[in-house]
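User: I'm new to this structure and would love a close look at the part where the two chains meet. Could you walk me through it, and then show me what lies around it?

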Amino acid sequence: MSEVIVVTSGKGGVGKSTTTANLGVGLAMRGKKVVLIDTDTGLRNLDLLLGLENRIMYDLIDVVEGRVEIKKALVRHKKYENLQLLPTSQVKDKSAVNPADLMALCDELRKEYDFVIIDCPAGIEQGFQTAIAGADTAIVVTMPEVSAVRDADKIIGELGRSEKDNIKLIINRIRPAMVDSGEMMDMDDINDILAIKCIGQVPDDIKVVTSANRGEPVVGDNDSQAGKAYENIVGRLLGEDIPFMEFEKEGFFKKLMKAFKLSKD
Amino acid sequence: MSRDLVTIKGGKDGFRLLVDSSASMEEIEAEIKKKLDENPGFFPEGTKFELEVADLDRSVKKGINQILSQRGLGVELSVKKDPPPATDEQSQMPPQYFIQHDGNVEAQEMTVVEHTVRGGEEVTSQGSVLVMGNVNPGAQIIAGGSIDVRGTCRGMVHAGAWGDISAVVIADRLMPTQIRIANMIARSPDIMEKSDFAERAYIKDGQIIIEPIER
Ligand SMILES: Nc1ncnc2c1ncn2[C@@H]1O[C@H](COP(=O)(O)OP(=O)(O)OP(=O)(O)O)[C@@H](O)[C@H]1O
Ligand SMILES: [Mg+2]
């Protein structure tokens, strides 16, 4: 049974593409047949995160406009051959694809792949409506930040109006020390407001950035907390019951320093 | 609580004065003065009240008119062509404006929202609104009557939006960005505390008061 998942957020830059790349690689590592679709036409970057830019021949627009077969436009991952990318165009804009196109495409890919994961553009305009059209499940990515949570809430409302009721949440870029000190929204507050099932809590981790620059998503890197977190999300998508991990907090020494400083002023 | 002898209700097109016909003129006079003093600045000069009860004694009507005109206010005897207006009005207005609710929210015509109201969503109702879920930041509820949130209220709520100063806002956890009742606005403290008990907001002495309630 295959599943079409759209990764969306409302607010830009919260980690949709990062999530899509990591879930794609993570699921492929577990032996699943996966295809990733970049629908951020004009601002494509999923290919960069996967290190596949130099292999792109055709794109999503070529497919929907009937110039090439889907198969020809798919780019196979270097390491995991059961992972494919359907990139989008760098030069066209969002109006080049409509919801019906994407729905038809998803139904076609569904036949062959276990997971179709769609990277959605930011915003709630046409690009969003197109990206969600063919999806069974929506993953909403947010950050522990008032404005990102506000936008996530709005997106969840939009998804509801489009009759997408299977919605899951990933909270990205958490800084445990800031949560502890009350400078960042805590997970309970976010879950209380958004009230959808949370399937991931990903810490802010420099390794996400350095690995993205190399074109190798961080998932599976056990030295990285974010890498572990993505691996756990993959497990949960596959129906495993995995508890949320405790993040490494700041050390005892740092805490002592802080306490000392507090008592001074 | 004993039944109010005099009730002032805001409707879409102005204020209505509901007077218990069994009350004596002295009682009515004291009560009207009290009501007006409770909400200074609420009734600008020239405000006209529509008298709600038809079977008032003529002398009482006259008395009320006198009390009001002393303060630069007035009674509107007929908005419609045919006098006596009050009874005739009743059949034309939506019923919720005539139900005396004595603080009882249930008595008004009610819009029930069976889900969380999310950011960017707006619920507007002529009567009262009951939300079976949260009202999230960025959401708006606007009600002619009262608002009851069976969950956490973090959005903007406006009860008595057309002037009903007896409207209230109730929530399991009341932490909205703003509460408006009639033409009064209370904004949240800049640092919001989590509330652990149900609360009610209402107008008292010309201010929005928030107090814990049992439920
Ligand atoms: N957990 C993390 N820790 C550190 N950096 C992160 C994390 N997640 C994402 N980032 C960084 O944040 C930036 C934005 O991420 P990404 O491009 O995935 O967001 P997006 O939601 O796809 O953005 P857009 O709306 O522009 O498509 C990138 O530079 C990425 O490396
Ligand atoms: Mg992106």
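Before we get to that, is Cys153(B) buried or exposed?

Analyst: Happy to help! Please keep in mind that this is a predicted model. To begin with your cysteine, Cys153(B) is buried, because its relative accessibility is 0% and the cut-off for buried is under 20%.

The next residue to meet is Arg154(B), and it takes us straight to the place where the chains touch. Arg154(B) pairs with Asp192(A) in a salt bridge, and their closest N and O atoms are 2.7 Å apart. The rule finds three salt bridges across the interface of chain B and chain A. On the side of chain B that touches chain A, the residues divide into six polar, four charged and one nonpolar. Polar contacts can be counted here too: eight residue pairs make them between chain B and chain A, with both residues at pLDDT 80 or more.

How much surface is involved? The size of an interface is often expressed as the accessible area that is lost when the parts come together. For chain B and chain A the buried area is about 930 Å², and 37% of it is on carbon and sulfur atoms. On the chain B side, Arg118(B), Pro137(B) and Arg154(B) lose the most area to chain A, and together they make up 47% of what that side buries. So Arg154(B), the salt-bridge partner of Asp192(A), also belongs to this trio. In terms of residues, chain A brings 12 to the contact and chain B brings 11.

Now let's step away from the interface and look at chain A. Ligand 1 is surrounded by 17 residues, and the closest are Gly13(A), Lys16(A), Ser17(A), Thr18(A) and Asn172(A). Two of these approach the ligand through their backbones: a backbone N or O atom of Gly13(A) is 2.9 Å from an oxygen atom of ligand 1, and one of Ser17(A) is 2.8 Å from an oxygen atom of ligand 1. With Pro203(A), a backbone N or O atom lies 3.0 Å from a nitrogen atom of the ligand.

Salt bridges turn up beyond the interface as well, and the count over all chains comes to 22. One of them joins the side chains of Lys207(A) and Asp221(A), at 3.2 Å from N to O. Another links Lys111(A) to Glu108(A), with the closest N and O atoms 3.5 Å apart. In that pair, Lys111(A) counts as exposed because its relative accessibility is 66%, while Glu108(A), at 42%, counts as partly exposed.

Finally, back to cysteines, where we started. Searching the whole structure gives zero disulfides over all chains. Take Cys198(A): the nearest cysteine sulfur belongs to Cys120(A) and is 19 Å away, so it falls outside the 2.5 Å cut-off for a disulfide. Cys198(A) is also buried, with a relative accessible area of 10%.

Definitions and conventions:
Residues are numbered from 1 along each chain as its sequence is written. Chains are lettered from A and ligands numbered from 1 in the order in which they are written. This is a predicted model: local features need pLDDT of at least 70, side-chain atom pairs count only at pLDDT 80 or more; totals for chains, interfaces and linings use all residues. Side-chain values use heavy atoms; hydrogens and water are left out. Buried means under 20% relative accessible area, exposed over 50%, partly exposed in between (1.4 Å probe, protein chains only). Contact means heavy atoms within 4.5 Å. Buried area is the accessible area (1.4 Å probe) that two parts lose on being put together, summed over both. A salt bridge is a side-chain nitrogen of Lys or Arg within 4 Å of a carboxyl oxygen of Asp or Glu. A polar contact is a pair of N or O atoms within 3.5 Å; within protein, one must be able to donate a hydrogen and the other to accept it, and residues adjacent in sequence count only if both atoms are side-chain atoms. Ala, Val, Leu, Ile, Met, Phe, Trp, Tyr, Cys and Pro count as nonpolar, Asp, Glu, Lys and Arg as charged, and the others, Gly among them, as polar. A residue is near a molecule or strand if one of its heavy atoms lies within 4 Å of it.
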